[in-house]
Amino acid sequence: MENEQKKTPHKGGRHPKIDPAVHRYSISLTAEENAQFLILFESSGINVMAHFITACIFQKGIKSVKIDKATMDYYILLTALFGQFRAIGVNYNQVVKIMQRNFSEKKAPVYLYKLAKETIELGVLCQKIIQLTAEFEEKHLKK
C-alpha cells in the first residue's frame, strides 16, 4: 500500500527524452546558397530539414535519389510494348493451329506466307526497338 502512495500518478502527455536537443544555431544564406541548399534537401529524400542539416554537418552520408521522368516513361512504354509482343506471340500460335485445322492444303500455305511476311516486319521492328533502347541507355542512363 505504501509503495503505491509514494508513486506519483501519471499525468499523461509525452515521456521526456533522455538527451533532448536544446542547443540551437542560426546561419544566414544568400539567395543562391539557399536555392542550392533546397535542391540538395529535396534530392536527399529526408523529410525533416533539421535531420538533413545534422547529416550534412557530421557527414553521416546523404542519400540523393534522382528520378528521371523521361526514363520512367520510356521504361513504362517499353514494358507495355513487351506485353503486346507477348500477346502477338500467343495470337500467332493460335492462328497457325487454326489454319492447320480449318484450311485445305492449298489455302493454308498462302495464308502462312502472308503471316510469315508480317512476322518478318515484326522482327525488323523489334530490332529497331532494341537499337533505340541501346541508344537511350548510352545517352541517358550511363551518367
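## Starting with helix lengths

The expected span of a helix is 1.5 Å times one less than its number of residues. Helices, and strands too, are DSSP runs numbered from the N terminus (H or I over at least four residues for a helix, E over at least two for a strand). Helix α4, residues 69–102, has 34 residues and should therefore span 50 Å at 1.5 Å a residue; its end C-alpha atoms lie 49 Å apart, which agrees. Helix α2 can be checked in the same spirit: with 14 residues, α2 reaches 20 Å from its first C-alpha to its last, close to the 20 Å expected.

Before going on, a word about what you are looking at. This is a predicted model, in which local features need pLDDT of at least 70 and side-chain atom pairs count only at pLDDT 80 or more, while totals for chains, interfaces and linings use all residues. Residues are numbered from 1 along each chain as its sequence is written, and side-chain values use heavy atoms, with hydrogens and water left out.

## The overall picture

The protein chain holds five helices and zero strands, so to read it from the N terminus is to meet α-α-α-α-α. Of its 143 residues, 10% count as buried; buried means under 20% relative accessible area, exposed means over 50%, and partly exposed lies in between (1.4 Å probe, protein chains only).

Contact means heavy atoms within 4.5 Å. Among the contacts in the chain with a separation of 6 or more, 31% join residues 24 or more positions apart.

## Where α2 meets α3

Two packed helices are described by the angle between their axes and the distance between the axes. Here, α2 (residues 31–44) and α3 (residues 49–57) pack at about 100°, with their axes 11 Å apart. The axes are lines fitted to C-alpha atoms, for helices over the stretch in contact, and angles run from 0 to 180 degrees between N-to-C directions. The two helices are therefore roughly perpendicular to each other (65 to 115 degrees; under 35 is roughly parallel, over 145 roughly antiparallel, and the rest oblique).

On the α2 side the contact is made by F37, L38, L40, F41 and S44, and on the α3 side by M49, F52 and I53. By class, this contact has seven nonpolar residues, one polar and no charged ones. Ala, Val, Leu, Ile, Met, Phe, Trp, Tyr, Cys and Pro count as nonpolar, Asp, Glu, Lys and Arg as charged, and the others, Gly among them, as polar.

## Inside and outside α2

The buried residues in α2 are F37, F41, S43 and S44, and what covers the buried residues of α2 includes α3. E42 also sits in α2, but E42 is exposed, with a relative accessible area of 63%. E42 and F52 are ten residues apart in sequence and 9.9 Å apart in space, C-alpha to C-alpha. After α2 comes G45, whose phi is positive, near 85°.

## Aromatic rings

The structure holds three aromatic pairs. Rings of Phe, Tyr and Trp (its six-membered ring) pair if their centres lie within 6.5 Å; planes under 30 degrees apart count as stacked, over 60 as edge-to-face and the rest as tilted. The ring centres of F103 and Y111 are 5.0 Å apart and their planes stand at 35°, so this pair is tilted. F103 is partly exposed at 33% relative accessible area, and Y111 is partly exposed at 36%. Elsewhere, F37, F41 and F52 form one aromatic cluster.

## Links across the chain

I67 lies in the loop between α3 and α4 and counts as exposed at 71% relative accessibility. Its C-alpha atom is 9.2 Å from that of S43, 24 residues away along the chain.

F136, in helix α5 (residues 107–141), counts as buried at 14% relative accessibility. The C-alpha atoms of F136 and Y74 are separated by 9.1 Å, although their positions lie 62 residues apart along the chain. In α4, the buried residues are T71, V96 and M99.
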